[in-house]
Amino acid sequence: MSTFAQLGLSPPILEALDDVGYQQPSPIQEQAIPHLLQGLDVIGQAQTGSGKTAAFGLPLIAYVDPAEHEVQGLVLTPTRELCIQVTQALRSYATRKGVDVVAVFGGAPIRSQQAQLRAGGHIVVGTVGRVKDLISRHSLMLHSCRFVVLDEADEMLDLGFLEDVERILALTPSSRQTALFSATMPPEIRRLADQYLYNPVLVRVEAATLTVDTVEQFGLQVAAKDKVSALVEVLEAERPRQAIVFCRTKVRCDQLYRTLRDRGMNVKALHGDMTQGARDGVMIGFKDGRTPLLVATDVAARGLDISTVSHVINFDVPGSPDVYVHRIGRTGRVGRSGRAITFYESRQQRDVEAIEAHSGVKLAPWVKGAHVAATEVRPRPRRHSKPHDADRAGAAPPLAKLVIAGGRADGVEPKDVVHALTSATGLDGEAVRNVLVLERFTFAEVPRADAGRVLEAASGAQLRGRPLRLELVRG
Ligand code: AMP
């Protein structure tokens, strides 16, 4: 196996990889990076979870000259979630080289994105619609954009964006280098590649190797009416560090979310009926570890990469074996292990067999207590602090401790803290406990069930005329 240095990456990028804690290239990175560094066009057949973002992102950053103040690289994504995710990844790889990455996506004010583009950006990561819009407003120029990536091209096809993608490609120099990444290769994507890529090298990783090796898979037969209690039992037994629970429909997702929330669990929902802002808030809270449990539909969680997810629970049997692979691909990410537990009713036995045939794995019966010791996921260096055990779903102690920026030196008094925590969140004043004002910061406790809400809502609140900044105390 090669190292990142052997693939030909330069010191600033190697240092950044060190910062994010990647030790070895994943297979798709090992295959794609050398070709892309040589300037060749590449078709990468790989899914989320394979490390595809770094496979195209590292050569893209290597290509960019930070001294040249024009858009030199463009990554097109089908969804806003993926756009945000790719941007975060590229920024983490780019810091040591001083390359600026700008994200442009719909549903957010176009003006601030225009301002960011005016301020300069070497790489633009954008959703197809917003990129088109910014081009038509002359806010985004692509005449110097010689490195273009189409990420999740099959999703772009599904969402009806291919024509727009072609229009955008036509505005970039014909001498550009193009990389196309897609989990599947339907004929329309092959045609796109034939037309817009020059002598591309095809690199691929088999979908099966993405998951089967690293995810332990279980099935649990359960009657429809007992699903909620079975879920609670599974969560208590498994004590997941972070879990996604998949439901078939938005309505079921919302119902389950309410039921779990009413049982005092720290849980969030993610589905298509929520506003974009609310979805972003939930995604950010989940990604940085504040939310240990997420109830989601397939569409809302599409392409979502969360490297810390230890468990995927299929509350409803996936509609197809492909959906199953997609769902459980959320766990067991590069070099880590995960567990997937699929609930099914007796009449759904055939669906389970189809999944087993497709993934080539037999789902072991889930048995309470038989495997608790095997659930730990290896620790890894992280940029965000990890949720502590106490945050684990189903194991919530009654109070959560918060640390708040500002203390006696800033004139803060306990009543200010109570006011700040209650005014923005609707929390009862009685609920804020053990306020301890120190010289430069303050501790306070709130019911754990409300902590997530407080952390979110309090970001808009004020403490003695200054924006309230607070964090959960871990440990
Ligand atoms: P992706 O398939 O690009 O969405 O990446 C999946 C996850 O794997 C992300 O959380 C990446 O940060 C992580 N990752 C990518 N490459 C590596 C690597 N070489 N070593 C460890 N983690 C990686």
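This report describes the fold, the nonpolar cores, the aromatic pairs and a few single residues of a predicted protein model.

## Overall make-up

The protein contains 17 helices and 20 strands. Of its 475 residues, 53% count as buried. Contacts often join parts of the chain that are far apart in sequence: of those between residues at least 6 apart, 75% join residues at least 24 apart.

## Two nonpolar cores

The largest nonpolar core has 41 residues, and the members that touch the most others are Leu 58, Leu 90, Tyr 93 and Ile 123. At least two residues of this core come from each of α1 (11–20), α2, α3, α4 (80–94), β3 (101–104), β4 (123–127), β5 and β6 (177–182). Helix α4 gives the most, with eight residues.

Tyr 93 shows what such a position looks like in detail. Leaving aside neighbours within four places in sequence, Tyr 93 is in contact with Ala 16, Leu 17, Val 20, Tyr 22, Ala 54, Leu 58 and Ile 61. A second, separate core holds 31 residues, among them Leu 76, Val 104, Ile 110 and Cys 145.

## Aromatic pairs

A pair of aromatic rings is described by how far apart the centres are and by the angle between the planes. The whole structure has four aromatic pairs. Two of them are set out below.

| Pair | Distance between ring centres | Angle between planes | Class |
|---|---|---|---|
| Tyr 63 and Phe 147 | 5.7 Å | 55 degrees | tilted |
| Phe 315 and Phe 343 | 6.0 Å | 45 degrees | tilted |

Why does the pair of Tyr 63 and Phe 147 count as tilted? The planes of these two rings stand at 55 degrees, and the tilted class applies because this angle is neither under 30 degrees nor over 60. Tyr 63 is in helix α3 (residues 52–63) and Phe 147 is in strand β5 (residues 147–150), so this pair links distant parts of the chain, 84 residues apart. The two partners can also be described by their accessibility. Tyr 63 counts as partly exposed, at 35% relative accessibility, whereas Phe 147 is buried, with a relative accessible area of 0%.

In the other pair of the table, Phe 315 lies in the loop between β12 (311–314) and α14 (321–328), and Phe 343 lies in strand β13 (residues 338–344). The pair therefore ties together parts that are 28 residues apart in sequence. Both Phe 315 and Phe 343 are buried. Phe 315 also has a charged neighbour: Lys 227 lies over the face of this ring, at 5.4 Å from the ring centre.

## A hairpin with a lysine over a ring

Strand β16 (residues 433–437) pairs with strand β17 (residues 441–447) in the antiparallel sense, over three bridges. The two strands form a hairpin, with three residues between them. Leu 436 has Phe 443, in β17, as its bridge partner. The ring of Phe 443 has Lys 401 over its face, at 4.9 Å from the ring centre.

## Three buried residues

Gln 29 is part of helix α2 (residues 27–37). Is this residue buried or exposed? Gln 29 counts as buried because its relative accessibility is 4%, which is under the 20% limit. A polar atom of the Gln 29 side chain is 2.9 Å from the backbone nitrogen of Ser 26. Not counting residues up to four places away in sequence, Gln 29 touches Phe 4, Leu 7, Gln 24, Pro 34, Gly 51, Ala 54 and Ala 55.

Val 149 belongs to strand β5. With 0% relative accessibility, Val 149 counts as buried. Its contacts, leaving aside neighbours within four places in sequence, are with Phe 56, Leu 74, Val 75, Leu 76 and Ala 179. Val 149 and Val 42 are 107 residues apart in sequence, and their C-alpha atoms are 9.4 Å apart in space.

Leu 463 is in strand β18 (residues 462–463) and is buried, with a relative accessible area of 6%. Apart from neighbours within four places in sequence, Leu 463 is in contact with Ile 404, Ala 405, Val 412, Asp 416, Val 417, Ala 420 and Leu 468. One of these residues, Ala 420, is 43 residues away from Leu 463 along the chain, with 5.8 Å between the two C-alpha atoms.

Technical notes:
Residues numbered from 1 in each chain as written. Predicted model: local features only at pLDDT ≥ 70, side-chain atom pairs only at ≥ 80, totals over all residues. Heavy atoms only, no water. Helix = DSSP H or I, 4+ residues; strand = E, 2+ residues; numbered from the N terminus. Buried < 20%, exposed > 50% of the residue type's maximum accessible area, 1.4 Å probe, protein only. Polar contact = N/O pair within 3.5 Å; in protein donor to acceptor, adjacent residues only side chain to side chain. Contact = heavy atoms within 4.5 Å. Pairing = 2+ DSSP bridges. Phe/Tyr/Trp six-rings, centres within 6.5 Å; stacked < 30°, edge-to-face > 60°. Lys NZ or Arg CZ within 6 Å of the ring centre and 35° of its normal. Core = buried A, V, L, I, M, F, W, Y, C linked by side-chain atoms within 4.5 Å.
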